[in-house]
Amino acid sequence: MSTNTIYYNMMKCLFCERGLTVNHKKREVKLYNVLFPFWMLLLFPQLWLIVLPGNFIIDSIVLILSMIVLKIADKKQWYKRHILKIYLFGMISDLIGAGYMLLLMTVFEVGQMGDELYLTLPALIISSALIFILNYLVTFKKADKLLRLKFSLTFAIVTAPYTFLVPSSWLYG
């Protein structure tokens, strides 16, 4: 199958209801769009211009509100010291969770639409756990343990990729 055919089939998968059908040794496998934003970002790179600042704004709002609630003294310095790590670890964690779902769907042929709870919930938990672990061990490592715990839990819960739970079947019928 040529690169153009694969690209055409991926585009067809995005914009039609029946998804991409792959005949793999006489066994039909339908690959519906597992991760709508993920595929859209791959096929339309200009959407990164919306997604990246959007995630940064959300992380900034959560950090600012957390600093207010937890009564951090030097908010400006705290923000400058932590926001980039929080943002990057959040993006990495989301991509790992998305990769988990994609791996199960394509390699192990688990699920049909990519919106089964046994696919999306573990991916959400993996991403959220990674957000917590990376922020606890790296981002807030110089803060005291209770503050590290509070900030890391806040980001793990509030900024988890809940869009994984939106059924792709809503988009494809």
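This briefing walks through the fold, the surface patches and a few individual residues of the chain shown above. The model is a predicted one. Its chain combines 7 helices with 2 strands, and buried residues account for 39% of its 173 residues. Two surface patches, one positive and one nonpolar, get most of the attention below.

**Overall fold**

- Reading from the N terminus, you will meet the elements in the order α-β-β-α-α-α-α-α-α.
- If you take the contacts between residues at least 6 apart in sequence, 62% of them join residues at least 24 apart.
- The chain exposes about 10,500 Å², and 70% of that area is supplied by carbon and sulfur atoms.

**The nonpolar patch**

- Ten names are worth highlighting in your viewer here: L117, L121, I125, L146, L149, L153, I157, V158, Y162 and L165 form a nonpolar patch on the surface.
- Together these residues have about 890 Å² of accessible area.
- Helices α5 and α6 are the elements that give two or more residues to this patch.
- Helix α6 provides the largest share, with 5 residues.
- I125, one of the patch members, is found in helix α5.
- I125 counts as exposed because its relative accessible area of 51% is over the 50% cut-off.

**The positive patch**

- R81, K85, K141 and K142 form a positive patch on the surface.
- For K142, the place to look is the loop between α5, which covers residues 117-139, and α6, which covers residues 145-158.
- K142 has a relative accessibility of 75%, so this lysine counts as exposed.

**A closer look at I92**

- Where does I92 lie? I92 belongs to helix α4, which spans residues 75-106.
- I92 has a relative accessible area of 41% and is therefore partly exposed, since that class runs between the 20% limit for buried and the 50% limit for exposed.
- I92 and S127 are 35 residues apart in sequence, while their C-alpha atoms are 8.5 Å apart in space.

**Points to carry into the viewer**

- For the nonpolar patch, start from α5 and α6, with I125 in α5 as a handy exposed example.
- For the positive patch, start from K142 in the loop between α5 and α6.
- For a pair separated in sequence, display I92 together with S127 and check the C-alpha to C-alpha distance of 8.5 Å.

Definitions and conventions: Residues are numbered from 1 along each chain as its sequence is written. This is a predicted model: local features need pLDDT of at least 70, side-chain atom pairs count only at pLDDT 80 or more; totals for chains, interfaces and linings use all residues. Side-chain values use heavy atoms; hydrogens and water are left out. Helices (H or I, at least four residues) and strands (E, at least two) are DSSP runs, numbered from the N terminus. Buried means under 20% relative accessible area, exposed over 50%, partly exposed in between (1.4 Å probe, protein chains only). Contact means heavy atoms within 4.5 Å. Accessible areas come from the Shrake-Rupley method with a 1.4 Å probe; for residues, only the protein chains shown count as cover. Patches are made of residues with over 30% relative accessible area and no salt bridge: like charges are joined within 9 Å, nonpolar side chains (Val, Leu, Ile, Met, Phe, Trp, Tyr) within 5 Å. A salt bridge is a side-chain nitrogen of Lys or Arg within 4 Å of a carboxyl oxygen of Asp or Glu. Lys and Arg count as positive and Asp and Glu as negative; His and the chain ends are not counted. The place of a charge is taken as NZ of Lys, CZ of Arg, CG of Asp or CD of Glu.
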